[in-house]
Amino acid sequence: MIETERLKLIACSRLHLETLLKGENFLAELMELELADGWLHFPESVPFALKMLEENPQNIRWGMHLFVHKADNRLVGTGGFKGVPDESGMVEIGYAIAPGYQNQGLATEAARAMIEYAFSWAAVKTVDAHTLAGENASTAVLTKCGMMKIGEKNDPDEGPVWHWRIERQI
C-alpha cells in the first residue's frame, strides 16, 4: 500500500478485481468502505489489471490501485501503473478521481506518491503519462509533479494525446 497524507493507494489483488467484476457494491462490502459517485472512471481497466495479475502475481505492485480517502473511508478513485518497468526502466502512470473529490489536490497527491513509489525501485529510470492534448486538469497535475511534456501523438481511441515524462534524479 502507498500512503499519503489523505489517501491510501491500495494495490488491487485478484480478490479485489474479481469482486469488482461482480459489482461495485460487492467491493465496497468486501473493503468495508463507502463509494464516491463516479469513482471508477475507467471500468475497462479492471479486466486488463486482472489479466496482468493472472500472468504474474508479482505484477500486483505495477497494476491498478484503489484510492481510498482516509478521513471519509471512501473509495474516491483509481490509478496506478500500466505494467511492469520496460527494458529501458520506464513505467507509465494513470489516475482518476471521482467528480465530488476533484479540485482538492487529491490527484496531485496520488500522482506524486506513485512517482515516488516507482523511483523507490532501482530498475525504474523514468515515469511517463499521457493526457488528452490541450491544457486540462491532468496537465496541471503532471506539471505540479515535475513532469515535462515531451511530445504529442495520435492515440487510435482518444485522438491527439500529450506524452509526459519525469526522469530519476541522480
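A nonpolar core is a set of buried Ala, Val, Leu, Ile, Met, Phe, Trp, Tyr and Cys residues joined through side-chain atoms within 4.5 Å. In this predicted model, the largest nonpolar core has 52 residues. The residues with the most contacts inside this core are Trp39, Met64, Ile93, Val127 and Met147. Helix H4, spanning residues 106-119, gives the most to the core, with 9 residues.

Val127 can serve as an example of the contacts involved. With neighbours within four places in sequence left aside, Val127 is in contact with Val91, Ile93, Ile115, Ala118, Phe119, Met147, Trp164, Arg165 and Ile166. Two of these partners, Ile93 and Met147, are also listed with Val127 among the residues with the most contacts inside the core.

**Helices H1 and H2**

Helix H1 (residues 14-22) and helix H2 (residues 24-31) pack with their axes 5 Å apart, at an angle of about 140 degrees. Angles over 145 degrees count as roughly antiparallel, and 65 to 115 as roughly perpendicular; H1 and H2 are therefore oblique to each other. On the H1 side the contact is made by Leu15, His16, Thr19, Leu20 and Lys22. H2 contributes Glu24, Phe26, Leu27, Leu30 and Met31. By type, the residues of this contact divide into 6 nonpolar, 2 polar and 2 charged.

Within H1, the buried residues are His16, Leu17, Thr19 and Leu20. They cover an arc of only 165 degrees around the axis, which puts them on the same side of H1. Their packing partners are strand E2 (7-11), H2, helix H3 (45-55) and strand E4 (64-69).

Lys22 also belongs to helix H1. Its relative accessible area is 64%, and the cut-off for exposed is over 50%, so Lys22 is exposed. Lys22 nevertheless appears among the H1 residues that make the contact with H2. The C-alpha atoms of Lys22 and Gly77 are separated by 18 Å, the two residues being 55 residues apart along the chain.

In H2 the buried residues are Leu27, Ala28 and Met31. Viewed down the axis of H2, these residues fall within an arc of 100 degrees, so they line one face of the helix. Asn25 and Glu29, on the other side of H2, are exposed. The buried residues of H2 pack against E2, H1, strand E3 (34-35), E4 and E5. E2, for instance, is also a partner of the buried residues of H1, as is E4.

**Residues with positive phi**

Most residues other than glycine have a negative phi. The table collects residues of this model with a positive value.

| Residue | Phi | Place |
|---|---|---|
| Gly23 | about 155 degrees | just after H1 |
| Glu32 | near 55 degrees | following H2 |
| Asn73 | near 50 degrees | loop between E4 and strand E5 (74-81) |
| Asn103 | about 60 degrees | loop between strand E6 (90-97) and H4 |

Gly23 comes just after H1, while Glu32 follows H2. The two asparagines are in loops: Asn73 between E4 and E5, and Asn103 between E6 and H4. Asn73 is partly exposed, with a relative accessible area of 38%. Asn103, at 79% relative accessibility, counts as exposed.

Terms used: Residues are numbered from 1 along each chain as its sequence is written. This is a predicted model: local features need pLDDT of at least 70, side-chain atom pairs count only at pLDDT 80 or more; totals for chains, interfaces and linings use all residues. Side-chain values use heavy atoms; hydrogens and water are left out. Axes are lines fitted to C-alpha atoms, for helices over the stretch in contact, and angles run from 0 to 180 degrees between N-to-C directions. Helices (H or I, at least four residues) and strands (E, at least two) are DSSP runs, numbered from the N terminus. Angles under 35 degrees count as roughly parallel, over 145 as roughly antiparallel, 65 to 115 as roughly perpendicular and the rest as oblique. Contact means heavy atoms within 4.5 Å. Ala, Val, Leu, Ile, Met, Phe, Trp, Tyr, Cys and Pro count as nonpolar, Asp, Glu, Lys and Arg as charged, and the others, Gly among them, as polar. Buried means under 20% relative accessible area, exposed over 50%, partly exposed in between (1.4 Å probe, protein chains only). The arc is that of the directions from the helix axis to the C-beta atoms.
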